[in-house]
Amino acid sequence: STNGMFQNDDNATFIGQFDKDPIGNFSVVYPNDGNYTGEVNDDFERNGFGTMNWLNGDRYEGEWVKDKKHGHGKFFNAQKNNSFVGTFAKGMFVHA
């Protein structure tokens, strides 16, 4: 395995460890969205545990499946200055 950098068609930059496919945690910069630190899948989607910080100040720390908040997590809404902790499914908060 080797450390490296990959840039996708949307100009997102992925920095982490590769061995043909991504391994472990990555630092990802989405130029028009924010940054993410955590696990990704072979398609470079947020997948597993990670933290996303959006440019507007929102933050999600928790589980991801195929680029969507899915599983247990905590979402902080910067505009409303409140947090949701609980279960997310396909990107949406389901219940505490």
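This passage describes the sheet, the hairpins, the salt bridges and selected residues of a predicted model.

The strands form an open sheet of nine. Their order is β1-β2-β3-β4-β5-β6-β7-β8-β9, and the pairing is antiparallel. The edges are held by β1 (2-7) and β9 (92-95). Each of these two has a single partner strand, so one side of each is left without a neighbour in the sheet. On average, neighbouring strands are turned by 25° against each other, direction ignored.

The pairings were followed along the sheet, beginning with β3. Strand β3 (residues 21-30) runs antiparallel to β4, and six bridges join the two. Within this pair, Asn-25 stands opposite Glu-39 of β4. The hairpin connection from β3 to β4 passes through three residues.

Six bridges also link β4 to β5, again in the antiparallel sense. Here Thr-37 faces Thr-51 in β5 as its opposite residue. Five residues lie between the strands of this hairpin, and Phe-44 takes a positive phi near 60° there. Most residues other than glycine have a negative phi. Phe-44 is a residue other than glycine with a positive value. The loop that holds Phe-44 runs between β4 (34-40) and β5 (46-54). Phe-44 counts as buried because its relative accessibility is 15%, below the 20% limit for that class.

Strands β5 and β6 pair antiparallel over six bridges. Phe-49 stands opposite Glu-63 in β6. Four residues separate the strands of the β5 and β6 hairpin. Gly-57 takes a positive phi near 100° in this hairpin.

The β6 and β7 pair is antiparallel as well, with six bridges. Glu-61 stands opposite Lys-74 of β7. Two residues lie between the strands of the hairpin, where Lys-66 has a positive phi near 45°.

Seven bridges connect β7 and β8, which pair in the antiparallel sense. Asn-77 has Asn-82 of β8 as its bridge partner. Asn-81 is found in the loop between β7 (68-77) and β8 (82-89). The phi of Asn-81 is positive, near 55°, in a residue other than glycine. Asn-81 counts as exposed, because its relative accessibility is 59%. Exposure requires a value over 50%.

Charged pairs were examined next. Side chains of opposite charge can pair when their charged atoms come close. The search of the whole structure returned two salt bridges. In one, Asp-67 pairs with Arg-46, and the closest N and O atoms are 2.9 Å apart. Asp-67 lies in the loop between β6 (59-65) and β7, whereas Arg-46 belongs to strand β5. The pair therefore ties together parts that are 21 residues apart in sequence. The two partners fall into separate accessibility classes. Arg-46 counts as buried, at 10% relative accessibility. Asp-67 counts as partly exposed, at 31%.

A further salt bridge joins Glu-61 to Arg-59. In that pair, the closest N and O atoms are 3.3 Å apart. Glu-61 is partly exposed at 35% relative accessibility. Arg-59 is likewise partly exposed, with a relative accessible area of 34%. Glu-61 thus combines two roles in the model: a salt bridge with Arg-59 and a position opposite Lys-74 in β7.

Phe-88 was considered last. Its place is in strand β8. At 3% relative accessibility, Phe-88 counts as buried. Contacts within four places in sequence were left aside for this residue. The remaining partners of Phe-88 are Tyr-60, Lys-69, His-70, Gly-71, Gly-73, Lys-74, Phe-75, Phe-93 and Val-94. Lys-74, one of these contacts, is also the residue opposite Glu-61 in the pairing of β6 with β7. Phe-88 and Gly-4 are 84 residues apart in sequence. In space, their C-alpha atoms are 31 Å apart.

Conventions: Residues are numbered from 1 along each chain as its sequence is written. This is a predicted model: local features need pLDDT of at least 70, side-chain atom pairs count only at pLDDT 80 or more; totals for chains, interfaces and linings use all residues. Side-chain values use heavy atoms; hydrogens and water are left out. Buried means under 20% relative accessible area, exposed over 50%, partly exposed in between (1.4 Å probe, protein chains only). Two strands pair if DSSP finds at least two bridges between them. A salt bridge is a side-chain nitrogen of Lys or Arg within 4 Å of a carboxyl oxygen of Asp or Glu. Contact means heavy atoms within 4.5 Å. Axes are lines fitted to C-alpha atoms, for helices over the stretch in contact, and angles run from 0 to 180 degrees between N-to-C directions.
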